[in-house]
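Colleague: I would like to understand where the words in a structural description come from. Could we go through them one at a time, with the model in view?

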Amino acid sequence: MKKKNLIIILSVVAVLVIVVGVTAILNSSSVRLRKEQQDSACIIIKKGGEEIASIDMEYISSAGEEDFQADLDTSETDPEKHQYSGVSLIKVLDLLEINMDGIETVIVRALDGYTVAFDISEVEDEENMYIVYKIDGQYLKDKSEGGSGPYQIIARKDPYSQRWCKFVMEIDLQ
C-alpha cells in the first residue's frame with residue numbers, strides 16, 4: 001500500500017513540474033513581448049479584439065497635447081495635485097479615423113495585467129479621458145524605474161483616481 005501511494009505522489013509531482021515548466025515557457029514569451037512593447041513606447045489599438053493600429057509618442061502628441069491638473073488619490077496617500085500632459089483619447093481615435101459606430105465599451109489593458117473598462121460616453125467626452133505621458137513636466141518613467149508609464153490613462157471625472165490605468169499597452173474598442 002505504501003509503495004502504491006509513493007508512486008501516486010511522485011506521478012502527481014512529476015505532472016505538476018511539467019505543467020509549471022510549460023507555463024513558465026509560455027509566460028516568458030509573453031513577458032518578453034510586453035517588455036519590447038514598453039521599450040518601444042507603443043500602444044496597440046484594437047477593435048473587437050483585432051489589432052488595427054500601433055501608435056507611438058509622436059503620433060499621440062500630434063493629436064494636440066494639453067496640460068491639465070488632476071488629483072492623484074491613492075489608498076496609500078492623501079490626494080496630491082499634479083500637472084499632467086497628454087492628449088484626449090477621443091482625439092487620438094479621431095486622428096486614426098476609426099469608425100466608432102456600434103462601439104459601446106473601451107477596454108484599457110496595462111503591462112501589469114490591470115484592465116479597466118469605460119463606457120463609450122466617458123471616452124467621447126473630450127475633457128474626460130486622456131492618454132498621459134508627462135507628470136509635472138517630466139515624462140512618465142516606466143515600471144522598472146518606479147514610474148507609471150510610458151503612458152497612463154486618466155479619467156479626469158473620476159474623483160478618486162480609481163479607474164486610472166498605469167502602464168497602458170492596449171486599447172480595445174468593443
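Modeller: Let us begin with pairing, for two strands pair if DSSP finds at least two bridges between them, and strands themselves are DSSP runs of E with at least two residues, while helices are runs of H or I with at least four, both numbered from the N terminus. By that rule five strands form an open sheet in the order 2-1-10-5-6, with mixed pairing. This is a predicted model, in which local features need pLDDT of at least 70 and side-chain atom pairs count only at pLDDT 80 or more, whereas totals for chains, interfaces and linings use all residues. Residues are numbered from 1 along each chain as its sequence is written, and side-chain values use heavy atoms, with hydrogens and water left out.

Colleague: What makes strand 5 and strand 6 a pair?

Modeller: Strand 5 (residues 105-110) and strand 6 are joined by five bridges in the antiparallel sense, and the definition asks for at least two, so they count as paired. One of the contacts is between Val 106 and Phe 118, its bridge partner in strand 6. Strand 1 (residues 43-47) and strand 10 (residues 168-173) have four bridges, in the parallel sense, and there Ile 44 has Glu 170 as its bridge partner.

Colleague: Which side chains of strand 6 are buried, and which are not?

Modeller: Buried means under 20% relative accessible area, exposed means over 50%, and partly exposed lies in between, with a 1.4 Å probe and protein chains only. Along strand 6 (residues 115-119), Val 116 and Phe 118 point to one face and are buried, while Thr 115, Ala 117 and Asp 119 point to the other face and are not.

Colleague: Why is the contact of Tyr 84 and Trp 164 called edge-to-face?

Modeller: Rings of Phe, Tyr and Trp (its six-membered ring) pair if their centres lie within 6.5 Å, and planes under 30 degrees apart count as stacked, over 60 as edge-to-face and the rest as tilted. Tyr 84 and Trp 164 are 5.8 Å apart centre to centre, with 85° between the planes, so they meet both the pairing limit and the edge-to-face limit. This pair links distant parts of the chain, since Tyr 84 is in strand 4 (residues 80-88) and Trp 164 in the loop between strand 9 (152-155) and strand 10, 80 residues apart. Phe 68, Tyr 84, Tyr 130 and Trp 164 form one aromatic cluster.

Colleague: How do you know that Tyr 84 is buried, and what of Trp 164 and Phe 68?

Modeller: Tyr 84 has a relative accessible area of 1%, Trp 164 has 8% and Phe 68, which is found in strand 3 (residues 66-72), has 5%. Each value is under 20%, so Tyr 84, Trp 164 and Phe 68 count as buried.

Colleague: Is Glu 97 buried or exposed, and what is its phi?

Modeller: Glu 97, in the loop between helix 3 (89-95) and strand 5, has 72% relative accessibility, which is over 50%, so it counts as exposed. Its phi is positive, about 55°, although it is not a glycine. Most residues other than glycine have a negative phi. Ser 161 also has a positive phi, of about 60°, but at 11% relative accessibility Ser 161 counts as buried.
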